[in-house]
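Work through the following exercises with the sequence and the model open side by side. Each task is followed by a solution that goes step by step.

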Amino acid sequence: MAKMNILYISLEGNTRSFVKRLTAFAKQQNMINQANPEINAKEIGPQDAPASESKPFFVFVPTYLTGGNGIDSGYTEIMTTALGEYIEDGNNARYCIGVVGSGNKNFNEQYCLTARKYAKIFNAPFLDNYELRGTDADVERIYGTLTKEWAKNGISEE
């Protein structure tokens, strides 16, 4: 089975930590049953030039906002623009098959607002979310969600 591809950005290490744990969990699941896909994760940073993606991918994006309440008085998404620009480049957006968000639930309505914005802009489903670095239960649940979405998209070749 093809490895599931993940593009992500991590500014404070939370998303990186989660994706590393998710990748390790996927590897473990693949060792138990080779039908369970592994993960190929690619971190996108402000210094990374866009590259042409040619395979479907999921996006993991934290929420960093400034200004407004994110609902009726607007907001400005900050700091994750490198990932957004990477996906917007060329035909990359057409390969985006889902978005997973993270953030701090203390931000109420702004929690995962950046991920919801990405889902809308890139016409991909908002699949799941986790808070901060996530829990082991989040890793297991999100792996299950990604695996179902991967299969739903009929991706099986390396």
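**Exercise 1: a loop residue**

In this predicted model, Phe107 lies in the loop between E6 and helix H3 (113-121). Decide whether Phe107 is buried, partly exposed or exposed.

*Solution.* The relative accessible area of Phe107 is 49%. Buried requires a value under 20% and exposed a value over 50%, so Phe107, at 49%, counts as partly exposed. As a further step, relate this residue to Thr63: the two are 44 residues apart in sequence, while their C-alpha atoms are 9.7 Å apart in space.

**Exercise 2: the two faces of H4**

Establish how the buried residues of helix H4 (residues 136-152) are arranged around its axis, and what they pack against.

*Solution.* Begin with the span: H4 has 17 residues and reaches 24 Å from its first C-alpha to its last, close to the 24 Å expected at 1.5 Å a residue. Next, list the buried residues of H4, which are Asp138, Val139, Ile142, Tyr143, Leu146, Glu149 and Trp150. Because they cover an arc of only 135 degrees around the axis, they lie on the same side of H4. An α-helix has 3.6 residues a turn, so residues three or four places apart point the same way. The face turned away from this buried side carries the exposed residues Ala137, Lys148, Ala151 and Lys152. Finally, the packing partners of the buried residues include strand E1 (4-8), helix H1 (14-32) and strand E7 (126-131).

**Exercise 3: one buried residue of H4**

Identify the contacts of Glu149 beyond its neighbours within four places in sequence.

*Solution.* Glu149, found in helix H4, is buried, with a relative accessible area of 11%. Once those neighbours are left aside, Glu149 is in contact with Phe58, Ile97, Pro125 and Leu127.

Notes: Residues numbered from 1 in each chain as written. Predicted model: local features only at pLDDT ≥ 70, side-chain atom pairs only at ≥ 80, totals over all residues. Heavy atoms only, no water. Helix = DSSP H or I, 4+ residues; strand = E, 2+ residues; numbered from the N terminus. Expected span 1.5 Å × (residues − 1). Buried < 20%, exposed > 50% of the residue type's maximum accessible area, 1.4 Å probe, protein only. Arc of directions from axis to C-beta. Contact = heavy atoms within 4.5 Å.
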